[in-house]
Amino acid sequence: MLHILGSAVITSPNYPNRYPNRADEEWTLSNPNGLIYIQFTEFQLEAHASCKYDWVQIIDGDGTTLLPKSCGGRVPAAIMSKTGEAVVKFHSDYSVVRKGFRLQYSYKGKYGSNREYRISF
């Protein structure tokens, strides 16, 4: 069993307005004491069958793909990291732009852990 120790939000550039063309952003989430729970609350990116143009991708600390390149308007399912680190990547090309995304992430610790920690900025 896991319990939440803190949470925070990541958004695409300019959210809730349209993200810019030619954007490449990367956010590293790190929780040395447990796992990371990620849930999208908004998702509007340029659609393409293979997400060739604008996309969001999440990679686990062990290199496993937690969320393959994703685009369009369908909100991805919630994600739990396999390790204490995850990288969120965002890319937009040179043309069509949309509202972007908003995700909330929570650091989770193993139930019964003696260590208290919080997300800090």
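Here are some notes on this predicted model, point by point.

1. Overall layout. The protein has zero helices and eight strands. Read from the N terminus, the elements go β-β-β-β-β-β-β-β.

2. Contacts along the chain. Take the contacts between residues at least 6 apart in sequence: 78% of these join residues at least 24 apart.

3. Burial and surface. The protein has 121 residues, and 44% of them are buried. The exposed area comes to about 6800 Å², with carbon and sulfur atoms supplying 46% of that.

4. The E1–E2 loop, part one: Pro16. This proline sits in the loop between strand E1 (2–11) and strand E2 (24–30). Have a look at the peptide bond leading into it, from Tyr15 to Pro16: the bond is cis, and omega is near 15°.

5. The E1–E2 loop, part two: Arg22. The loop between E1 and E2 also holds Arg22. Arg22 isn't a glycine, yet its phi is positive, at about 55°. Is Arg22 buried or exposed? With a relative accessible area of 64%, Arg22 is exposed, because the cut-off for that label is over 50%.

6. The E3–E4 loop: Cys51. Here's another non-glycine residue with a positive phi, this time of about 50°. Cys51 belongs to the loop between strand E3 (34–44) and E4. Its relative accessibility is 8%, so Cys51 counts as buried, the limit being under 20%. If you're going through the backbone torsions, put Arg22, which is exposed, beside Cys51, which is buried.

7. Asp60, the charge question. Asp60 is part of strand E4, which covers residues 55–60. Which side chain of opposite charge is nearest to Asp60, and how far away is it? That would be Lys82, at 7.1 Å. A salt bridge needs a side-chain nitrogen of Lys or Arg within 4 Å of a carboxyl oxygen, so this pair doesn't make one. Asp60 is buried and has no salt bridge.

8. Asp60, what the side chain does reach. Lys82 comes up again here, but through its backbone: the side chain of Asp60 gets to the backbone nitrogen of Lys82 at 2.7 Å. So the Asp60–Lys82 pair falls inside the 3.5 Å cut-off for a polar contact, while the charged side chain of Lys82 is 7.1 Å away.

9. Asp60, the surroundings. Setting aside neighbours within four places in sequence, Asp60 touches Leu66, Ser81, Lys82, Thr83, Glu85 and Ala86. Glu85, like Asp60, counts as negative, and Glu85 is among these contacts of Asp60.

Note on methods
Residues numbered from 1 in each chain as written. Predicted model: local features only at pLDDT ≥ 70, side-chain atom pairs only at ≥ 80, totals over all residues. Heavy atoms only, no water. Helix = DSSP H or I, 4+ residues; strand = E, 2+ residues; numbered from the N terminus. Buried < 20%, exposed > 50% of the residue type's maximum accessible area, 1.4 Å probe, protein only. Polar contact = N/O pair within 3.5 Å; in protein donor to acceptor, adjacent residues only side chain to side chain. Contact = heavy atoms within 4.5 Å. Areas by Shrake-Rupley, 256 points an atom, 1.4 Å probe, with all protein chains shown as cover.
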